[in-house]
Amino acid sequence: MWTICVILILLYVSLILFIIKGWDKVTDIEILQQNPQTSFSIVIPFRNEETNLDNLLNSIAQLDYPTNRFEVQLIDDDSKDDSLTIIQDFQASHGELNIHVFKNVTHSASFKKDAIALGVEKAQFDWILTTDADCILPVEWLRSINSYIIEQKVSMVAGPVSFSKQTGFLSQLQFYDMIGLQGLAIGASGLGRPFLCNGANFGYTVQLYKKLNGFEQNDHIGSGDDLFFLNKALTFDPSTIGFLTSKSALVTTKAQTSWQDLINQRRRWASKTIPLQNGFGTLTTFIGLMGNLSIIGAFLLLFFGMIDPVLLVIMYLLKLIVDYLLIFKTSTKLGLSISIGWFFLSNLAYPFFVLMVAMASMNKGYSWKGRHYRN
């Protein structure tokens, strides 16, 4: 049995090193000198976000970009709180901003995809950018994306996202997990095999959206407006896709504040990765899962005296080293500070967290934003 654990951890280490190698092929862009030439329609679905909208709207007001070159489409997905009042007050005091509010029109099992589709339909400009209502946008967000589009001539841009780091183990675990996911996304993109992106910082042309028929064929799944559309573009033409690694484009969002909310979030994420027809993404997800579970398996074997403790230590150290290389490389690139202590604690607990999510995902449904979805 211990040989299986060793094989799995060696596969995991090899995969992470392979993806890290992909970083060498990612175009390193930190350019902001390009004049604003691209016009953006920023589409933001929201539902009961009264505690987050002030921060989002204030960050929009501070964007360093000509106000005649971007608009904001806020799509109300049946909010029951004071979200609309907050937006109306903001509109009244920021008349220079082109902000529109629309009521979501639902016609599928995915409320968010319907909201984005409505935003695309109402868009005045050629580029769609999506983000979430609990995010904060960096001042140079649009300038960075504009420069990247001009330099790379792409039709789809995936941008970096980070959880805001706060005190407490739960927040730290999510922070390092997100950095790792960003590292995988960037490295895979460099290898020409993108499989990860985040709808909190994602963009594409209206022309590409229409050419790929939007979210058709996956609107029966509640989540996945980002990954499914990325996969469509990858099948259509991989050269249209780019990953912007600039720290000036880093969008931050809030970490979950309870274990239950975190597990529900990850079950939602799992619901959109399992159906993807992306060979490299499926292989990476499987090896990542098995690599983490192999550490737990080795601990169990140690308990029953079926593995040498030294071998277990070697296995864990190999995983720890490659995980740190990925975290260090990503955090350095995105201008994020990391703590060795918190990284070690998060890394030690991570296999058990993966097991929790895997077991929870066996349930065919999950709850999110006050709604229940079935996979």
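This briefing walks through the sheets, helices, loops and cysteines of one structure. The model is predicted. One open sheet is built from 7 strands, and another open sheet is built from 3 strands. Helices α6 and α11 pack against each other at about 85°. A search of the whole structure turns up 0 disulfides.

**The 7-strand sheet**

- Strands of a sheet pair through backbone hydrogen bonds, and the pairing can be parallel or antiparallel.
- Here the strand order is β3-β2-β1-β4-β8-β6-β9, and the pairing is mixed.
- The edges of this open sheet are β3 (99–103) and β9 (241–243), each of which pairs on one side only.
- From one strand to the next, the twist averages 20°.
- Inside the sheet, β1 and β2 run parallel and are joined by 7 bridges.
- One of the residue pairs to look for is F40 with its bridge partner F70 in β2.
- Towards the β9 edge, strand β6 (residues 156–158) pairs with β9 in the parallel sense, over 3 bridges.
- In that pairing, A158 stands opposite F243 of β9.

**Strand β2 in detail**

- Is β2 enclosed or open to the outside? It is largely enclosed by the rest of the structure, because 7 of its 7 residues are buried.
- The side chains split into two sets: F70, V72, L74 and D76 point one way from β2.
- E71, Q73 and I75 point the other way from β2.
- Both sets are buried. Note that D76 and E71 are on the list too.

**The 3-strand sheet**

- This open sheet has the order β5-β10-β7, again with mixed pairing.
- Its edge strands are β5 (135–136) and β7 (161–163), and each pairs on one side only.
- β7 runs parallel to strand β10 (residues 251–253), and 3 bridges join them.
- To locate the pairing, find S162: its bridge partner in β10 is T252.

**A helix across the sheet**

- Helix α5 (residues 141–152) lies across several strands: β1 (40–46), β2 (70–76), β4 (127–130), β6 and β9.
- Relative to β1, α5 runs at about 125°.

**Two helices that pack together**

- Two packed helices are described by the angle between their axes and the distance between those axes.
- For helix α6 (residues 169–190) and helix α11 (residues 309–334), the angle is about 85° and the axes are 9 Å apart.
- α6 and α11 are therefore roughly perpendicular to each other.
- Which residues meet? From α6 come Y176, I179, G180, Q182, G183 and L184.
- From α11 come L326, I327, T330, S331 and L334.
- Sorted by type, the residues of this contact are 6 nonpolar, 5 polar and no charged.

**Helix α1**

- K21 sits in helix α1 (residues 2–22).
- K21 is exposed, with a relative accessibility of 53%.
- How far is K21 from I4? The two are 17 residues apart in sequence, and their C-alpha atoms are 26 Å apart in space.

**Loop residues with positive phi**

- N48 has a phi near 55°, a positive value in a residue other than glycine.
- Find N48 in the loop between β1 and α2 (53–61).
- N48 is partly exposed, at 33% relative accessibility.
- K153 is not a glycine either, and its phi is positive at about 55°.
- Find K153 in the loop between α5 and β6.
- K153 is exposed, with 67% relative accessible area.

**Cysteines**

- A disulfide is a covalent bond between the sulfur atoms of two cysteines.
- The whole structure has 0 disulfides.
- For C135, the nearest cysteine sulfur is that of C197, 14 Å away, and C135 is in no disulfide.
- Why do C135 and C197 not count as a disulfide? Their sulfurs are 14 Å apart, and a disulfide needs the two sulfur atoms within 2.5 Å.
- C135 is buried, at 0% relative accessible area.
- C197 also counts as buried, at 12% relative accessibility.

Technical notes
Residues are numbered from 1 along each chain as its sequence is written. This is a predicted model: local features need pLDDT of at least 70, side-chain atom pairs count only at pLDDT 80 or more; totals for chains, interfaces and linings use all residues. Side-chain values use heavy atoms; hydrogens and water are left out. Buried means under 20% relative accessible area, exposed over 50%, partly exposed in between (1.4 Å probe, protein chains only). Axes are lines fitted to C-alpha atoms, for helices over the stretch in contact, and angles run from 0 to 180 degrees between N-to-C directions. Helices (H or I, at least four residues) and strands (E, at least two) are DSSP runs, numbered from the N terminus. Angles under 35 degrees count as roughly parallel, over 145 as roughly antiparallel, 65 to 115 as roughly perpendicular and the rest as oblique. Contact means heavy atoms within 4.5 Å. Ala, Val, Leu, Ile, Met, Phe, Trp, Tyr, Cys and Pro count as nonpolar, Asp, Glu, Lys and Arg as charged, and the others, Gly among them, as polar. Two strands pair if DSSP finds at least two bridges between them.
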